[in-house]
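Got your viewer open? Here's a walk through the model, one selection at a time.

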Amino acid sequence: MITVKNNMFHLATANTSYIFYINESGIAEHLYYGKRLRNPEYDISALREKRLCPRVNETSLSPQDTTLQMTNLMSEFSTEDKGDYRTPSIAISYGKKKIRTLDLRFKSYSHFQGIERFSSPLVQAIGTDQNTCGIILEFVDAIACVKALFYYTLFDDSDVITRRVTIENIGSDPLILRSIYSLQLDLPEHDYDFITLNGAQLRERHPISRPLEQGIIINETRKGASSSESNPAVILKRHNSDECYMTNLIYSGSHREVAEVNQFGKTHILTGINDSTFEAELDPSTAFESPEALMLYSNMGLGDLADKMHHFVREHIQRGVWKNRLRPVSFNTWEALHFNFDEHGIITQIKAAAELGFELFVLDDGWFSVRNDGTTSLGDWTVNSLKIPSGISQISKECHRRGMLFGLWFEPEMVSPGTNLLKKHPDWLLGDPARKTHAVQRNQYFLDITREDCQDYLVTTIKQLIQNGSIDHIKWDMNRHLSDMYSVNPEIRSMGEYQHRYILALNRMQRAITSSFPNLSIENCASGGARFDLGMLSSGTSIWTSDSTDAVERLAIMKGTLMAYPLSVCGTCVSPSPNYATFRPVDLETRFDVALFGVLSYSLNLTKLSKAEKDAIKKQIEFYKQYRQVIQFGIFRCEEKDSITYFTASSPDRTTILVLYMQKLLKSNCEDDILRVPLADENYVYRVVRRDDSAPIWDIGKDVRDYKKEEEVYEVSGDTLKWAGIKLSTRYSGSGYNTGMRVMPDFSSRLYIIKKI
Ligand code: GLA
C-alpha cells in the first residue's frame, strides 16, 4: 500500500514501512525504513531530521538552503558536485564541457498497479495487479539536461520493495552516464554488521561479516558475471538485535555494493551496475534503464529475512511451468565420466540410472564436434558422430523410454580456437582485431553475443537441437570472465557499455529459448556458482551451486547461499569419494545427507558401484522423493556449534521436519549432544527417528565399519523439542563401547526425521 500525504510517501508492505519526504527544496529526504508504522503521517515532525544550524565546515546546497548539507542527508539518491561527497548513486557528464554537477529536483509522481515493464530486455521481478503496486517519481535538472525516474515496486507478500532508475537525456548534446546505482538505502545509524557472500570457484558464497565503521566497504566484481567472489546479495545485521536488512540485484553482470559510513555515523548503501566498468553515452531524447534492485527488512532475525527472500524468489523471480514444480532427481555425467564416453557407455549409464529411480539424465560436456578435452570445439554444436553415431535424439529416446527426462550441456557464449564457427565468422570473436592476441581462460574465448547475427545463430542452433533431440532440460554453462571488450556492433558506441549490453543479450537469448519451449527447464551454471543471481533465476529453474561437490566444503557454501536463495534453486550433487577437489573421503550416506538439501543430483560412474552402493542410492532417491516437497519448498535454517553443522528443513506447517547433524572433525571425548529444533511447533507432538542409513558403506576404515549405527526413536512434545531438546545417545569416546552408542568419525552425519503424530 502506498500513501502520499503532505509530500510524505509511505510505502508499506505487510510488515515494513519505507518512508521519504519531498522537502521544501524538492529534495527526497529519506525518513525511515523498518518495522511497519501504523500512522507515520502524524509523526512527520518526529521522523524529520532537525537541522537548526549548518554543520561546521560542510557544504550547503544553496544560500537559501544553508542547513541542507547533502553529504549528511539521508536521501533517496546522491548526486555529484552539490555538496554530497559520499559515493554518488547517479553520476553524469553532459555536453561539450562535460559538466558533472547534477541537481535533481522533484517534479511529479504517479502510481501503478502490478509492475512497470522495462523497455529493454532486462529481467525483472514479476507480480500481478492484485499483489503488487508501485510508484514512479520524476526528478529533473534542466541545466544538466537530465530527467530521472525512480520506480519503487512493493511486493507485499514477501515484504520486498524493488527500485530501479531510468535516466533520460532531455538536452540536445550527448549525455554520458558514469554511474547509475539501482538502489540507495540511507540509514541514520551504523551499528550494523555488513554480511557479504564471498569466496572463489569451489568455495562460493561463504558469509563474511564485518562491522560498519566510518569509511567504505565495497563488495564487487568486474568480471562480467555476478561471480564466485562477491555475490550481489548483502545483509545488514544490527548489533544486539534481530533487526536486519538485505539488498540484492536482479542482474547477472558486474555489480558493486557500497556500504559507506559518513563522518556523522550515517550509513549509505548502494547496489547496482559496477560503475568502474561502466559508461553509457545517451543521445538526446534517449534513456538508460538501470537493472532492478530489491531491499527487505525483518525484525525477526536472519532466518526470517531468508524466509521472506526465499518466498520472493519462488513467487516473484521464478516463472514458467517450473516455478512451483518439484525438481527431478538427476544423474549428471560430468564427474562420472568426464569426456570418456561413447554411445554404448551412455546407454549403459541410462539403463542403470533408470533402475535406481533417477528422473532426469543430463549429458554434460563432451558430446559435440571433436571435444574430447577442454581445448576445442565450443561453438560447433553438432553431435560427435564418432562417439554418438545414432545422434542425440537416440540418447533422448533411451531416456524417455525409461521414464526419464533428458538434459544436454551447452556453453553457448563461448568459442574454442580452430572451430568451424570461428573459421566462418572470425569477426564474432570478442576482441579488438587490431590486437594480435586476446586474454584466454580455459582455452576459450567469448563470442560477441551483442551482435544480433551471432545471437540468432546461437538461439537457432540451440532451438533446433532441443526440437530435434526432444530435449527437456539444458545445462547452460559459462566458464570464464569477460576480457577484451571490443565490438564492431555499431549500436555500442562506448565499450564502457559492453558488459551491460552483454547481459541484455544473454537475457534476450534465454528468453527467446524459454518462450519457444515453455516446458524446458534451464539449469544455469558458471564454473559452478559464478553466476548465482536473481537474473539467472528469472529464466532458469535452478543453478549449479558449485563445482565443489565435497560434502564438508558444501556446508559453508550452502550456509551462505541459503541466506539469500531458496533450496529449490540450488543444484547439489553426490559425487565420487575421495572428492576430486579436496581428496577428502566421505562415506556415501553422509554425501547424500548433505546433498539432500537442494535439488539433488548424482554424478558417479554407475557401472563401478557395488551392489550395496546401488541399493543405498536407490533408497536415498526414494527418501528424497518422499521428502522433496519439504526440502525444496520448505523453510530452512542453519546453525553451527564447534565442528557440527545443523541444517533444518521444515514444511511450512511444521508437521514434517528434517534435521541434518553433520560433524566435520571429531572432537575427542567431546561433550554430549542435544538435538534442539527451533522450527518445531510447540503445540504438536512429534516422533523423531534417524534416517535408515545403515548401508555398510564406510570407505573409511575397518574399525569404524564394525560398529552398527545406533537406533534412536523418541516421541516428544514440540515445546520440549524446541526448548529443552533431546539428549542424544552417548557418543563413543575412545574407551568402552555399548550397543546403541553413537560412533561418529570425521565427516559423518545423521539425518533425523521429525513428524507430527
Ligand atoms: C564447468 C561446470 C561443470 C561441468 C564442466 C564441463 O566446470 O561447472 O559442472 O559442466 O564445466 O566442462
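Two strands count as paired here if DSSP finds at least two bridges between them. Keep that cut-off in mind and select residues 360-363 and 405-410: these are strand 22 and strand 23, which pair in the parallel sense over four bridges. While you're there, show the side chains of Phe361 and Phe406, since Phe361 stands opposite Phe406 in strand 23. One caveat before going on: you're looking at a predicted model.

**Out to the barrel**

Now add the rest of the sheet that holds this pair. Eight strands close into a barrel, with parallel pairing, and the order to follow around it is 21-22-23-26-27-28-29-30. Ignoring direction, neighbouring strands of this sheet are turned by 30 degrees against each other on average.

From strand 29 (570-574), follow the chain toward helix 11 (588-595); the loop between the two holds Pro578. Zoom in on the peptide bond from Ser577 to Pro578: that bond is cis, with omega near 0 degrees.

**The ligand**

Next, select the ligand and everything around it. Which residues come nearest? Of the 13 around the ligand, those are Asp364, Asp365, Arg442, Lys475 and Asp547. Colour the shell by type and you should get six charged, three polar and four nonpolar residues.

Then turn on distances for these contacts to oxygen atoms of the ligand:

- Asp365: an N or O atom of the side chain is 2.7 Å from a ligand oxygen.
- Arg442: a polar side-chain atom lies 2.8 Å from a ligand oxygen.
- Gly528: here a polar backbone atom is 2.9 Å from a ligand oxygen.

How much of the ligand's accessible area does the protein cover? Taken on its own, the ligand has 300 Å² of accessible area, and the protein covers 98% of it.

**Back to the start of the chain**

Jump to the N-terminal end and show residues 2-35. An open sheet sits there: four strands in the order 1-2-3-4, with antiparallel pairing. The edges are strand 1 (2-5) and strand 4 (28-35), each of which pairs on one side only. From one strand to the next, the twist averages 15 degrees.

In the middle of that order, pick out strand 2 (residues 8-12) and strand 3 (residues 16-22), which run antiparallel and are joined by five bridges. Show Phe9 as sticks and look across to strand 3: the residue opposite is Phe20.

**Two backbone stops**

First, centre on Cys145. This residue is in the loop between strand 7 (132-141) and strand 8 (146-155). Check its phi: the value is near 60 degrees, so positive in a residue other than glycine.

Second, select 635-641 and 644-650. These are strand 31 and strand 32, paired in the antiparallel sense over seven bridges. Phe636 has Ala649 as its bridge partner in strand 32. The hairpin leaves two residues between the strands, and Asp642 takes a positive phi near 45 degrees.

**Zoom out**

Finally, show the whole protein chain as a cartoon: 14 helices and 38 strands. Is the fold compact or extended for its length? The radius of gyration is 27 Å, close to the 27 Å that the globule rule gives for 757 residues, so the chain is as compact as a globular protein of that length. If you draw a box along the principal axes, the C-alpha atoms fill roughly 85 × 70 × 45 Å.

Key:
Residues numbered from 1 in each chain as written. Predicted model: local features only at pLDDT ≥ 70, side-chain atom pairs only at ≥ 80, totals over all residues. Heavy atoms only, no water. Near = heavy atom within 4 Å. Polar contact = N/O pair within 3.5 Å; in protein donor to acceptor, adjacent residues only side chain to side chain. Areas by Shrake-Rupley, 256 points an atom, 1.4 Å probe, with all protein chains shown as cover. Nonpolar A, V, L, I, M, F, W, Y, C, P; charged D, E, K, R; others polar. Axes fitted to C-alpha atoms, helices over the stretch in contact; angles between N-to-C directions. Rg over C-alpha atoms; globule rule 2.2 N^0.38 Å.
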